[in-house]
Amino acid sequence: PDTVRLLSSSQVITSVVNVVKELVENSLDAGALNIDVKLENFGLDRIEVRDNGHGIKAVDAPVVAIRHFTSKICSHEDLEHLETYGFRGEALGSICAVAEVAVTTKTEADDVSIQYSLDSTGTIVSQKPSHLDQGTTVSVTKLFRNLPVRRQFYSSTKKCKEELKKVQELLMAYALIKPELRLLLVHNKVVIWQKAKAADDRSALVATLGSGIVPNLLPCHQRQEQPKQARGIIIDGFFPKPGVDCSSTSSSTPEKTFIFINNRPVHHKEVMKLLRQHYSAQYPEDSARHRYPIIVIKITVSPSAVDVNLTPDKTQVLLHNKEAVLTAVEALLVSLYGFRPG
Ligand code: ADP
Ligand code: MG
């Protein structure tokens, strides 16, 4: 059973950025407005995520890291109108199987915070009072200590630096989707990136991507009614102004295309392809240089039209109305850049 647990956990928890994503999403689900992410040795020695969310009640503490415990959904129907990032109750338990985990938490009703140390099965092995304010801090040490091959993956500094960049991009994505969020990323005690609380989408964009880029971007909003669907398809975002070069030459810089579906940062090949195709059509002479436009696109559809359960890391989604969504995105791009393929 230990081997089975390790194998299935290592499928859910694949990388440093993946651990950070699960912990940050838990913080967001707990209503946190301040989230600090601190890494040591690129997260391999230590990942710590501290939030000021509602905390974990003492009665819940023994079960939070037990496989399939979730406080977020009660029934199958809840999946149809999912408003939280988490719903499978899989992350904390899986992290426990591949690292050492301690959770320190304090709710509004508690006098002091309690630090719980968990074992590889997610069971509390010890607890002691601690001094933190309301919220939750999860610390993950010795990641993949029992998965030498996974650990080996990070043996080159290049890989480690790429991973750190991905962590930053991930935090930038949440910064763009939740303007009110205050975020901090520290690596080996050095501040790598931070973002103050912002009042609206535009200020969040400035705070996240810098003031230099923002004058080149155009806010867009489009709403398309869909038969039989309450919300229709809503597309919001910021796109390069027509005729203004607003792209980076590589896909690996933090300034890039951010795609969200129902507030989740996702990878979506077909949406990405459309964005790049329409943007670079403005530059027929050297399309290669313009491959990576800086775009923020937020697609909102009815929650029942999305299946986020496609991959363990929830970064890919299945859209039941994919064709309609792609048509809506394309219509917006045509109206912006005037390019009609084919
Ligand atoms: P899920 O997010 O799918 O519910 P997780 O394994 O990520 O599953 O978390 C299990 C449970 O632990 C959550 O449902 C929540 O009740 C609690 N929890 C985890 N992290 C936090 C946090 N930062 N603040 C408050 N509660 C948390
Ligand atoms: Mg979760």
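The crossing of α2 and α5 is right-handed, and in this predicted model it is a good place to start looking. The two helix axes come within 9 Å and cross at roughly 20 degrees. With an angle under 35 degrees counting as roughly parallel, α2 and α5 are therefore roughly parallel to each other. From here, the points below move on to the domains, the ligand and two further helix pairs.

**Where α2 meets α5**

- On the α2 side, the contact is made by Val-16, Val-17, Val-20, Lys-21, Val-24 and Leu-28.
- Facing them in α5, which spans residues 157–177, are Glu-163, Lys-166, Val-167, Leu-170 and Tyr-174.
- Sorted by class, this contact has eight nonpolar residues, no polar ones and three charged ones.

**Two domains**

- The chain is divided into domain 1, covering 2–195, and domain 2, covering 212–337.
- Taken over C-alpha atoms, the centres of the two domains are separated by 28 Å.
- Domain 1 gives 18 residues to the contact between them, and domain 2 gives 12 residues.
- On the side of domain 1 that touches domain 2, α1 (2–12), α2 and α5 each supply at least two residues.
- Helix α5 provides the largest share of that side, with nine residues.
- The same side of domain 1 divides into eight nonpolar, five polar and five charged residues.

**Around ligand 1**

- Ligand 1 has 22 residues around it, and those that come nearest are Asn-26, Ala-30, Thr-70, Ser-71 and Gly-86.
- Two elements, α2 (16–29) and α3 (91–98), give two or more residues to this shell.
- Helix α2 is thus worth a second look: it contributes to the ligand shell, it meets α5, and it supplies residues to the side of domain 1 that touches domain 2.
- By class, the shell around ligand 1 holds seven nonpolar, 10 polar and five charged residues.

**Where α1 meets α3**

- Helices α1 and α3 pack at an angle of about 115 degrees, and their axes are 8 Å apart.
- The crossing of α1 past α3 is left-handed, whereas that of α2 and α5 is right-handed.
- From α1, the contact uses Arg-5, Leu-6, Ser-9, Ser-10 and Val-12.
- Their partners in α3 are Ala-91, Ser-94, Ala-97 and Val-98.
- Five nonpolar, three polar and one charged residues make up this contact.

**Where α7 meets α8**

- Helix α7 (residues 269–280) and helix α8 (residues 322–337) have axes that come within 10 Å and cross at roughly 15 degrees.
- That angle makes α7 roughly parallel to α8.
- Their crossing is right-handed.
- Helix α7 brings Glu-270, Val-271, Leu-274, His-278 and Tyr-279 to the contact.
- Helix α8 answers with Leu-326, Val-329, Glu-330, Leu-333 and Tyr-337.
- The residues of this contact divide into seven nonpolar, one polar and two charged.

Methods
Residues are numbered from 1 along each chain as its sequence is written. Chains are lettered from A and ligands numbered from 1 in the order in which they are written. This is a predicted model: local features need pLDDT of at least 70, side-chain atom pairs count only at pLDDT 80 or more; totals for chains, interfaces and linings use all residues. Axes are lines fitted to C-alpha atoms, for helices over the stretch in contact, and angles run from 0 to 180 degrees between N-to-C directions. Helices (H or I, at least four residues) and strands (E, at least two) are DSSP runs, numbered from the N terminus. Angles under 35 degrees count as roughly parallel, over 145 as roughly antiparallel, 65 to 115 as roughly perpendicular and the rest as oblique. A crossing is left-handed if the near helix is turned anticlockwise from the far one by less than a right angle, and right-handed if clockwise. Two residues are in contact if their C-beta atoms, placed from the backbone, lie within 7 Å. Ala, Val, Leu, Ile, Met, Phe, Trp, Tyr, Cys and Pro count as nonpolar, Asp, Glu, Lys and Arg as charged, and the others, Gly among them, as polar. A residue is near a molecule or strand if its C-beta atom, placed from the backbone, lies within 6 Å of it. Domain bounds come from an automatic or database domain assignment.
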